[in-house]
There are 2 protein chains.
Amino acid sequence: MQVTLAIDCMGGDHGPTVTLPAARNFLRADSSACVLLVGRGEAIASEAERLAGDFPGRARFVAASEVIAMDDSPAMAMRVKKDSSMRVAIDRVKSGEAQAAVSAGNTGALMAISRFVLKTLPGIDRPAIATILPARTGRTYMLDLGANVDCSPEHLLQFGIMGAMLVSVLEQKDTPSVGLLNIGEEEIKGNGVVKQAAELLRSSGLNFFGNVEGNDVFKGTTDVVVCDGFVGNAVLKASEGLAQMLAGRLREELTRNWYTKFVAMLALPVLRRIKRNNDPRRYNGAALLGLRGVVVKSHGSADVFAYEQALMRAAEAARHDLVKRISAQMDDYLARVGAEIKGAA
Amino acid sequence: MQVTLAIDCMGGDHGPTVTLPAARNFLRADSSACVLLVGRGEAIASEAERLAGDFPGRARFVAASEVIAMDDSPAMAMRVKKDSSMRVAIDRVKSGEAQAAVSAGNTGALMAISRFVLKTLPGIDRPAIATILPARTGRTYMLDLGANVDCSPEHLLQFGIMGAMLVSVLEQKDTPSVGLLNIGEEEIKGNGVVKQAAELLRSSGLNFFGNVEGNDVFKGTTDVVVCDGFVGNAVLKASEGLAQMLAGRLREELTRNWYTKFVAMLALPVLRRIKRNNDPRRYNGAALLGLRGVVVKSHGSADVFAYEQALMRAAEAARHDLVKRISAQMDDYLARVGAEIKGAA
């Protein structure tokens, strides 16, 4: 099925040196995909033309005169840089020329512009950011990751609906299970918001598992883990920090002396396998959910391989009608609640 | 310096089969320590007598007729089981016979009983639970870990003071650095509570580093990381989950075939070293802070080695006057605020 991605080629730490080769690999791998390569002419036009030549009818250069910096405020990005590559890419989703936008740029700006240009779906108060994490069995989708710091029970319910639909689209699961992140000690089981959110999720029509704890994220207890953006961000970054620390210690131990270096050499195939299976680059591509359009955020430091994963994820979400599915599930929920209210009256 | 610990020998998944051998090892290693071995006569009296014989004047059996179960509610533990081993151990701290209590039992019950019997220090609204985590450089002390789900800025400030004093005592650092856990994106930098807490910490007289993110916990950016109990609990448990998942995958890869098994054999010294250096048992012993007495919580599933660490930690905290230090730092802060109010008036 044909799909067109609008790529913010300027975004991220490496800009076009990563986004353009990733676009080339993506076009090579996905023969029914098209790309709009958005950016400043002097930076990308010549390579974009080359891509257009190599993939006739499937790649096109789209000019944008400005670039949003990593430290631009969302307000600055919205009001001042109206012809930024990020903005132009999202505009193309709005106009229907593209079915999804991908950017490795400033998250706050991407969220603000997406929300302003595309608007949220009916029944969704705030968009959320969802990522994929490796788990002992399969993968876990966690949201929100920092877009929403103070969440109401209704927000958490909406995250549950959006997350479940994301899994249904990306993993082809019919009724993904949803867990609500909470803490373990009985007497202090969660604050008021979480308790109320559990009630809402229980009667939402979703496959609600109940409360889960931090360790369940990596156990793979549920397909989706819902939490507020502060907790999600802290958990995600702490996990990255821990993984880096452990990898560093392994490296240290394996380079300690001639014997450990010899062992490291023999262990190379094993280490490579572990690295490949746990490679965070494979999980690159966080979805901005709840919008009237597909927007995928790549890690700012993504390399070509990682950026290609984000492109593939965006194409898949667009092809499987992520937005329509979230919208339909939300309508279903609202109808259910409406019927309940009518029934109660 | 002499110190006496009151040990709840019945608490934890393994009860006396862990607590008593750990007490023996502890007495052997620390020649000026004494222990009160609290528990039911039929379960521990004979072994306690043997210890009293082996370490004359340093071990004594103290009878308690009840045991708090892992699923007892704090209310049940407080009101019904008034002669529980946990309660009797804490009573001995209150009476001054012991300088610290250690238990591997039900956290909620331990917190409730400690608070009821020992009371909080002046200026401390709520006790907090602090643990030690391994970091790339040194160790990080994180609090709160689940005792307080909804925190005010003042609570976070108090956690900062308590955490800093814990580090000063256990690591002999004069001015430990304190970080406030926050999230990274600029435009959404924390909620109102965290922003106000930062203001309070900045003018607290502590060595306040500023905001830190989840990955800083394992980088060791600051000695102390302060957060509310919901976030702390989620981060701690997610980290445990991730470490378990990675260890599981390593095991899987190393037992895949004869070659990997051969590599694993050669790598044994390296793996042992890594395991030893990252052994969570070494970090066992979470301090309940802000009370008029030292209480240390061991992990429920602790083995003899892990439980001994908790005992050592409790002895050190008591010897270095943890309670007095927290109290003095709090007085200092209150005087500072009082002077400011006077100055402003």
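How many salt bridges does the rule find across the interface of chain A and chain B? The rule finds four of them, and I should say at once that what we are looking at is a predicted model, so please hear every value today as computed from that model.

One of these salt bridges joins the side chains of B:Glu213 and A:Lys237, with a distance of 2.3 Å from N to O. Besides the salt bridges, there are 10 residue pairs in polar contact across the interface of chain A and chain B.

Let me turn to the extent of this contact. The size of an interface is often given as the accessible area lost when the parts come together. Here chain A and chain B bury about 5,100 Å² between them, and 68% of that area is on carbon and sulfur atoms. On the side of chain A, the residues that lose the most area to chain B are A:Ile183, A:Phe230 and A:Arg249, which together make up 12% of what that side buries. In terms of residues, chain A brings 57 to the contact and chain B brings 56.

Which helices of chain A supply at least two residues each to the side that touches chain B? They are H5 (107–118), H7 (192–202), H8 (214–219), H9 (229–254) and H10 (258–277), and of the elements of chain A it is H9 that gives the most, with 19 residues. Sorted by class, that side of chain A has 29 nonpolar, 18 polar and 10 charged residues.

Now for the empty space. Rolling a probe the size of a water molecule over the atoms shows where empty space is left. The count comes to five cavities of 30 Å³ or more, and the largest cavity holds about 100 Å³. Its lining draws on both chains, including A:Leu250, A:Val263, B:Leu250 and B:Val263, and H9 and H10 of chain A, together with H9 and H10 of chain B, each supply at least two residues of that lining. By class, the lining of the largest cavity has 12 nonpolar residues, with no polar and no charged ones.

The second largest pocket holds about 480 Å³ of space. Of the 26 residues that line this pocket, A:Asp150, A:Asn191, A:Asp228, B:Asn191 and B:Asp228 lie nearest its centre. Strand S7 (177–181), H7 and H9 of chain A, along with H7 and H9 of chain B, each give two or more residues to the lining. That lining divides into 20 nonpolar, two polar and four charged residues.

Key:
Residues are numbered from 1 along each chain as its sequence is written. Chains are lettered from A and ligands numbered from 1 in the order in which they are written. This is a predicted model: local features need pLDDT of at least 70, side-chain atom pairs count only at pLDDT 80 or more; totals for chains, interfaces and linings use all residues. Side-chain values use heavy atoms; hydrogens and water are left out. Contact means heavy atoms within 4.5 Å. Buried area is the accessible area (1.4 Å probe) that two parts lose on being put together, summed over both. A salt bridge is a side-chain nitrogen of Lys or Arg within 4 Å of a carboxyl oxygen of Asp or Glu. A polar contact is a pair of N or O atoms within 3.5 Å; within protein, one must be able to donate a hydrogen and the other to accept it, and residues adjacent in sequence count only if both atoms are side-chain atoms. Helices (H or I, at least four residues) and strands (E, at least two) are DSSP runs, numbered from the N terminus. Ala, Val, Leu, Ile, Met, Phe, Trp, Tyr, Cys and Pro count as nonpolar, Asp, Glu, Lys and Arg as charged, and the others, Gly among them, as polar. On a 1 Å grid over the protein atoms alone, a cavity is a set of points where a 1.4 Å probe fits but cannot get out, and a pocket is an open set with protein on both sides within 12 Å along at least five of seven lines; lining residues have an atom within 4 Å of a point. Grid points are joined across faces, edges and corners, and a volume is the space filled by probe spheres set on the points.
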